[in-house]
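Visitor: I have a structure in front of me and would like to learn how to read it, one question at a time. Could you guide me through it?

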Amino acid sequence: MPGRFMEQDLAEVRERANLVEVISAHTQLRKAGPRTFKGLCPFHQEKTPSFTVDPAKQVYYCFGCGAGGDVFDFLRAAEGLSFAEAAERLATRLGITLRTEAGAAPAAGSGRRRLLDAARAAAAYFIELLNASPEAAVARRYVEARGFSKDDATAWGLGYAPSGRDTLYRHLLGRKFTPDQIVEAGLALVTESGEHRDRFRGRLVFPIADLSGDVVGFGARALGDEPPKYLNSPETALYHKSKLLYGLDRAKKEMVRSGQAVVTEGYTDVMGLHKVGVGSAVATCGTALGEDHFTIIKRFCDRVILAFDADAAGSFASERGFGIDAKVGVEVLVALLPPGKDPADLALAPEPDGGAAAVEEVIKGAVPLRWFMIEAVLRRHRLDTPESKGKALRDLAPVLSSEPSRVVRGEYAFRIARLLGVDERTVQQEISELGRATSASTARRRESLPGHVRLEREALALLLDSPRRLDQVEDWVTEDHFTLPEHRLLLRGLLASSRAGSTASILEQLPDEDTRRLGAELALTLGTNESVEEVFMRLEEFRLQRQIQSLRATLGRLEPGADPAYSDSLFQELMRLESQRRRFDDR
Ligand SMILES: [Zn+2]
């Protein structure tokens, strides 16, 4: 997060980083105006470029999907890096040393580098033990029993975490890692009495790599009954479980080639699927499949096949799935596994029940997530009376109305009508009624924004364009001048920021991603030649009008003669506001 590194160093990175060059690695940019570049958006599918880059402001924004921010935001979104990683990568490229705020002397190599070294050293030690340690016999037997060879284990870097209390910890100390580094890499923890303990003990260990193949954490399977069955690295500077997919570094090429990713729930599932030729298989790492995972997958392909067991697929669909597929723009399908079998079982069982052909058949037979849900809903109902059919249809409507494509909705309506034995138009009507309600609430057309909202955007754009303009208005402008919550947030962020820097450095100081995105959009949409004073005067006028309207409404609701003193005071206030507002008319 911002603040870990010295702002001075970050500012230098931001200043010197060539945003156009960084983005050009992901999409082709062409000069589009005196100071802007345009290209096809790397974050959504489009045919005409709406992705805009302003190198002077060091800001980008997509007018199609709303992605936007500065160079750090871009690397985070496009390459799945954390802020720290993005900053370090750019700094390294530019030859800038990032110092940390704490005032600590810069570590030998950067902090992240050292943690990566620790993780790699641990991985190597685990492998050595799995291969040779007598204690690891139980782990070797487990690997074999699951159907994996010694070569498989080697290919995936499987290892064994020793059962001693601090065997790995002492091994890493011997390699000149500090206790803090070992803890920060998620490899040891500190007990209440202050002793260091290995996090993973007596377990089979799967190394988890980031996109570039560097080991950043581990998943560790119990070899006996001790809970939990799987133990994963904690969140560290290296390991962000919501943004990691096991096997992605190996699978990304095949994802691009085949246009799809197979997502499983287990590390052995990934190994098993790769072994039978499904090279696009990945797994979540100790967390549920979420939006961040889809965003990462979307960079390589736009079709995701869930090879989950039926319960897990069902709960994914009902809790998160539909929102995500539409939002991220991926097609999600569910592969129907034989009951009681996970993908590894299926891949590694002898033919014809298992093996490459059986896996291929299951993947080819994957059904769209929505259809999977529709069938699940239908199974819950008896469908033998008109009432039960009506109930089923009502349960189905939300599943269907979240589908953005009318063609797809129509096709499903047709199939449902056949299954229920009812008229197709009845199904269509039931769905479209709900569908209208949802699409109306999500439609937000910029052209039709009310005047004061456009004015608010203009005002914020002016401030973002040149943060020093804040000096001219900060004495009197308040959040009351803005009606939309996101505009208020942005103003608050602007007022709190230091104005010295560029647009991009102001954006970086905004508290959250949504506000930064809005900031980037506004910074690139400056459509006014008016002065700051002019725009803010009109904001003040709008604010007065709103106050007057609300006072009038309050006065109108008062019982006549109920509380003369109170209504009198309201009336006085109204007169005062009216006279203030009239001054605008005279201008
Ligand atoms: Zn876009």
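**A guided reading**

Guide: Let us start from a single residue: Ser315 has its place in helix H13, which covers residues 310-329. Please keep in mind throughout that this is a predicted model.

Visitor: Is Ser315 buried, partly exposed or exposed?
Guide: Buried residues have under 20% relative accessible area and exposed ones over 50%, with partly exposed in between. Ser315 has a relative accessible area of 30%, and therefore the word for Ser315 is partly exposed.

Visitor: How far apart in space are Ser315 and Gly279, C-alpha to C-alpha?
Guide: Along the sequence, Ser315 and Gly279 are 36 residues apart. In space, taken from C-alpha to C-alpha, the separation of Ser315 and Gly279 is 26 Å.

Visitor: Stepping back to the whole chain, what share of its residues counts as buried?
Guide: The secondary structure of the chain comes to 26 helices and 17 strands, and the C-alpha atoms fill a box of roughly 90 × 75 × 55 Å along the principal axes. Of the 587 residues of this chain, the share that counts as buried is 48%.

Visitor: What is the arrangement of the four donor atoms around the zinc ion?
Guide: The zinc ion is coordinated by SG of Cys41, ND1 of His44, SG of Cys62 and SG of Cys65, at 2.1 to 2.3 Å. Ideal angles for four tetrahedral donors at a metal are 109.5 degrees. Here the four donor atoms subtend angles of 102 to 116 degrees, and therefore the arrangement is tetrahedral.

Visitor: How many residues apart in sequence are the parts that His44 and Cys65 tie together?
Guide: The donor residues of the zinc ion follow the spacing C-x2-H-x17-C-x2-C. His44 lies in the loop between strand S2 (37-39) and strand S3 (51-54), whereas Cys65 lies in the loop between strand S4 (59-62) and strand S5 (68-69), so the pair ties together parts whose separation in sequence is 21 residues.

Visitor: And is Cys65 buried, partly exposed or exposed?
Guide: The partly exposed class lies between the buried class, under 20%, and the exposed class, over 50%. The relative accessibility of Cys65 is 38%, so Cys65 counts as partly exposed.

Visitor: Which class of aromatic pair do Trp476 and Phe536 form?
Guide: A pair of aromatic rings is described by the distance of the centres and the angle of the planes. The count of aromatic pairs comes to 16. For Trp476 and Phe536 the centres are 6.2 Å apart and the planes stand at 90 degrees, and the pair is edge-to-face.

Visitor: Where in the chain does each partner lie, and which of the two is buried?
Guide: The pair links distant parts of the chain, 60 residues apart, with Trp476 in the loop between helix H21 (470-473) and helix H22 (485-496) and Phe536 in helix H25 (residues 532-557). Trp476, at 32% relative accessibility, counts as partly exposed. The partner that counts as buried, at 0% relative accessibility, is Phe536.

Visitor: Which charged residue sits over the ring of Trp156?
Guide: Trp156 belongs to a cluster that ring pairs build together with Phe206, Tyr230, Tyr246 and Tyr267. A charged end sits over the ring of Trp156 at 4.2 Å from its centre, and the residue is Arg250.

Visitor: Which helix gives the largest share of the lining of the largest cavity?
Guide: The structure holds one cavity of 30 Å³ or more, and the space in the largest cavity is about 40 Å³. Its lining includes Leu273, Ala307 and Pro343, and helix H14 (343-348) and helix H15 (356-364) each supply at least two of the lining residues. The largest share, three residues, comes from H15.

Visitor: Which residue does a cis peptide bond join to Glu351?
Guide: The bond has an omega of about 5 degrees. The partner of Glu351 is found in the loop between H14 and H15, and its name is Pro352.

Visitor: Lys176 is not a glycine, so to speak of its backbone, what is its phi?
Guide: Lys176 is found in the loop between helix H8 (167-174) and helix H9 (179-184), and it is exposed, with a relative accessible area of 66%. Although Lys176 is not a glycine, its phi is positive, at about 70 degrees.

Key:
Residues are numbered from 1 along each chain as its sequence is written. This is a predicted model: local features need pLDDT of at least 70, side-chain atom pairs count only at pLDDT 80 or more; totals for chains, interfaces and linings use all residues. Side-chain values use heavy atoms; hydrogens and water are left out. Rings of Phe, Tyr and Trp (its six-membered ring) pair if their centres lie within 6.5 Å; planes under 30 degrees apart count as stacked, over 60 as edge-to-face and the rest as tilted. Helices (H or I, at least four residues) and strands (E, at least two) are DSSP runs, numbered from the N terminus. Buried means under 20% relative accessible area, exposed over 50%, partly exposed in between (1.4 Å probe, protein chains only). A charge sits over a ring if NZ of Lys or CZ of Arg is within 6 Å of the ring centre and within 35 degrees of the ring normal. Donors are N, O and S atoms within 2.8 Å of the metal (3.2 Å for Na, K and Ca); water is not among the atoms, so sites may look incomplete. Four donors count as tetrahedral if all angles lie between 85 and 135 degrees; four count as square planar and six as octahedral if opposite donors are over 155 degrees apart and all others between 65 and 115; anything else is irregular. On a 1 Å grid over the protein atoms alone, a cavity is a set of points where a 1.4 Å probe fits but cannot get out, and a pocket is an open set with protein on both sides within 12 Å along at least five of seven lines; lining residues have an atom within 4 Å of a point. Grid points are joined across faces, edges and corners, and a volume is the space filled by probe spheres set on the points.
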